[in-house]
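User: I would like to go through the classifications for this model and see how each one follows from its value.
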Amino acid sequence: MNENQSFDGAYFEEERSVDVVNSRMGEAGEPRLKDVLAVITKHLHAAVKEIEPTHEEWFAAIRFLTETGQICSDWRQEYILLSDVLGVTMLVDAINHRRPSGATPNTILGPFYVEGAPHYANGTNICLDAKGAPTLVRGRVLDIAGNPIAGATLDVWQTNNDGFYDVQQKGIQPDYNLRGLFAAEADGRYWFQTVKPRFYPIPYDGPVGKLLKAVDRHPNRAAHLHFIVTAPGFEQVITHIFTPDCPYLPEDAVFGVKRELVAEFRTIDDPALAQDYGMPCPFLLVDWDFVLAPAR
Ligand code: BEZ
Ligand code: FE
């Protein structure tokens, strides 16, 4: 090393912190990762400079991230939950699912999806615990031009009337309660019996729940049914139908509500129609079409 050689530009300085860190990356390595890391470094340093945390605050953040990792398991993904409550999940979803107008929008998948739900004939009741307001959901699966998509698969899941998914209450609820797979008929029609979903809290017994509490945010999701709708040649839709009267509609804990996904739940007092669908009378009726965009 030459005594006169100056390394000044390489040493850390508050004013040049971003450049100092980002200039360490070499020619080799993964270009996309290098770009991502450079942007994250830029915004992270800007945030730290704006916040000017004390050492105690910085360490509280480290502890939070540590606890967030420690609670993760095969059943619990606290980092996704953190992404959800910060609106990042919905932002990533929006960026990756820009669809033509008229197509059903995506929303958040959530942690309670289970593969392998039973296949049912149209008209089957997916509510196995006999609790809640009887509801008939019916509609069509269509392409953008309004043509039926015969054979499209609808994978549906929701909470029971107490606001829990079956997987949160193993041994209390029947397995696969309020889950099922349906196939659209030749004219695109589908229909099934269920109960009106209820709002419920996201898991809030961990670090994310503590964070929400500390900033005076509630953990509740607006009441919804989940759907994954798939058909060959079309883009898969991961979406919800929301009830219109839920108090949490404008303040869903994970920002999953979209105006186009709020349905009507009409009370039907028509014994003949009830009989046609094997429903008690009166019942709630949701008419809901799914419109799929062509695969990209
Ligand atoms: C859900 O809708 O099932 C959900 C979504 C995000 C976080 C927790 C639950
Ligand atoms: Fe949900």
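**Values and the terms they earn**

Analyst: At 54% relative accessibility, Leu 86 counts as exposed, and this residue is found in the loop between helix 4 (78–85) and helix 5 (88–96). Please keep in mind throughout that the model is predicted.

User: Why is Leu 86 called exposed?

Analyst: The term exposed requires a relative accessible area over 50%, and Leu 86 has 54%, so the label applies. As for its position, the C-alpha atoms of Leu 86 and Tyr 277 are separated by 42 Å, with these positions 191 residues apart along the chain counted as their spacing.

User: What makes the site of the iron ion (ligand 2) irregular?

Analyst: The six donor atoms show angles of 54 to 166 degrees, whereas an octahedral site with six donors would need opposite donors over 155 degrees apart and all others between 65 and 115. An angle of 54 degrees fits neither condition, and therefore the site is classed as irregular. For orientation, ideal angles for six octahedral donors are 90 or 180 degrees.

User: How do you know that Tyr 165, Tyr 200, His 224 and His 226 are donors of the iron ion (ligand 2)?

Analyst: A donor N, O or S atom has to lie within 2.8 Å of this metal, and the protein atoms concerned, which are OH of Tyr 165, OH of Tyr 200, NE2 of His 224 and NE2 of His 226, lie 1.9 to 2.1 Å from the ion, so they satisfy the cut-off. In sequence these donor residues follow the spacing Y-x34-Y-x23-H-x1-H. The two tyrosines link distant parts of the chain, since Tyr 165 belongs to the loop between strand 2 (153–158) and strand 3 (179–183) and Tyr 200 to strand 5 (residues 200–201), 35 residues apart.

User: Are Tyr 165 and Tyr 200 buried or exposed, and what decides it?

Analyst: Buried means under 20% relative accessible area. Tyr 165 has 0% and is therefore buried, and Tyr 200, with 4%, is buried as well.

User: Why is the contact between Glu 67 and Lys 210 called a salt bridge?

Analyst: The rule asks for a side-chain nitrogen of Lys or Arg within 4 Å of a carboxyl oxygen of Asp or Glu, and here the closest N and O atoms are 3.6 Å apart, so the pair qualifies. Glu 67 in helix 3 (residues 55–70) and Lys 210 in helix 6 (residues 207–214) are 143 residues apart, and the pair thus links distant parts of the chain. Glu 67 is partly exposed at 29%, while Lys 210 is exposed at 56%.

User: What makes Asp 205 exposed, and how is its salt-bridge partner Arg 76 classed?

Analyst: Asp 205 has a relative accessible area of 63%, over the 50% limit, and so counts as exposed. Arg 76 has 16%, which is under 20%, and therefore counts as buried. The closest N and O atoms of their salt bridge are 2.8 Å apart. Because Asp 205 lies in the loop between strand 5 and helix 6 and Arg 76 in the loop between helix 3 and helix 4, the pair ties together parts that are 129 residues apart in sequence.

User: Why are Arg 189 and Asp 187 called partly exposed?

Analyst: Partly exposed covers the range between the 20% and 50% limits, and since Arg 189 has 41% and Asp 187 has 39%, both terms follow. Their side chains meet in a salt bridge of 3.5 Å, N to O.

Notes
Residues are numbered from 1 along each chain as its sequence is written. Chains are lettered from A and ligands numbered from 1 in the order in which they are written. This is a predicted model: local features need pLDDT of at least 70, side-chain atom pairs count only at pLDDT 80 or more; totals for chains, interfaces and linings use all residues. Side-chain values use heavy atoms; hydrogens and water are left out. Donors are N, O and S atoms within 2.8 Å of the metal (3.2 Å for Na, K and Ca); water is not among the atoms, so sites may look incomplete. Four donors count as tetrahedral if all angles lie between 85 and 135 degrees; four count as square planar and six as octahedral if opposite donors are over 155 degrees apart and all others between 65 and 115; anything else is irregular. Helices (H or I, at least four residues) and strands (E, at least two) are DSSP runs, numbered from the N terminus. Buried means under 20% relative accessible area, exposed over 50%, partly exposed in between (1.4 Å probe, protein chains only).
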